[in-house]
Amino acid sequence: VQLQASGGGLVQPGGSLRLSCAAAGSIRSINYMAWYRRAPGKQRELVARITSGGNTDFADSVKGRFTISRDNAKNAVYLQMNSLKPEDTAVYYCNALLREYTGTLRDDYWGQGTQVTVSS
């Protein structure tokens, strides 16, 4: 199983970016997909998560600015980031809790990370 993330870049404060992540491989089902981030000198934190049923959770710091969505048919998750702030600068990682065809349930699949830099 692989998670492939894309969409990072450099944006000015107040701007927007959309991150995408697709899971591929021996996947039977995906319980949830999520985005985490790690800023320089800080621990990794959960940004947003979405279940297969569409329930969402967001970090307090991004509520009202970020939205998360997913395409179950494509095993993909998207993070729309609006009103970006310099403190949103980080490497963003996608993650999934999924069940492989073997039946094994795993939460340790991670995308390769995509850099988001918010700066004027």
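Let's start with two residues tucked away inside this predicted model: Arg 37 and Asp 88 are both buried. Their side chains meet in a salt bridge, with N and O 3.0 Å apart. Arg 37 sits in strand β4 (residues 27–38) while Asp 88 is in the loop between β8 and β9, so this pair ties together parts that are 51 residues apart in sequence. Side chains of opposite charge can pair up like this when their charged atoms come close.

Asp 88 has another partner, too. Its side chain meets that of Arg 65 in a salt bridge, at 2.7 Å from N to O. Here again distant parts of the chain get linked: Arg 65 belongs to the loop between β6 (56–58) and β7 (66–71), 23 residues from Asp 88. Like Asp 88, Arg 65 is buried.

Now go back to Arg 37, because it also forms a salt bridge with Glu 45, at 2.6 Å from N to O. How exposed is each of these two? Glu 45 is partly exposed, with a relative accessible area of 32%, whereas Arg 37 is buried at 5%.

Put the shared partners together and you get one network of salt bridges joining Arg 37, Glu 45, Arg 65 and Asp 88. The structure as a whole holds seven salt bridges.

Next stop: Thr 89, in the loop between β8 (76–81) and β9 (90–100). A polar atom of its side chain lies 2.9 Å from the backbone oxygen of Pro 86. The Thr 89 side chain also reaches the backbone nitrogen of Val 118, at 2.9 Å. Beyond its neighbours within four places in sequence, Thr 89 touches several residues, including Ala 39, Pro 40 and Gln 115.

Definitions and conventions. Residues numbered from 1 in each chain as written. Predicted model: local features only at pLDDT ≥ 70, side-chain atom pairs only at ≥ 80, totals over all residues. Heavy atoms only, no water. Helix = DSSP H or I, 4+ residues; strand = E, 2+ residues; numbered from the N terminus. Polar contact = N/O pair within 3.5 Å; in protein donor to acceptor, adjacent residues only side chain to side chain. Contact = heavy atoms within 4.5 Å. Salt bridge = Lys/Arg side-chain N within 4 Å of Asp/Glu carboxyl O. Buried < 20%, exposed > 50% of the residue type's maximum accessible area, 1.4 Å probe, protein only.
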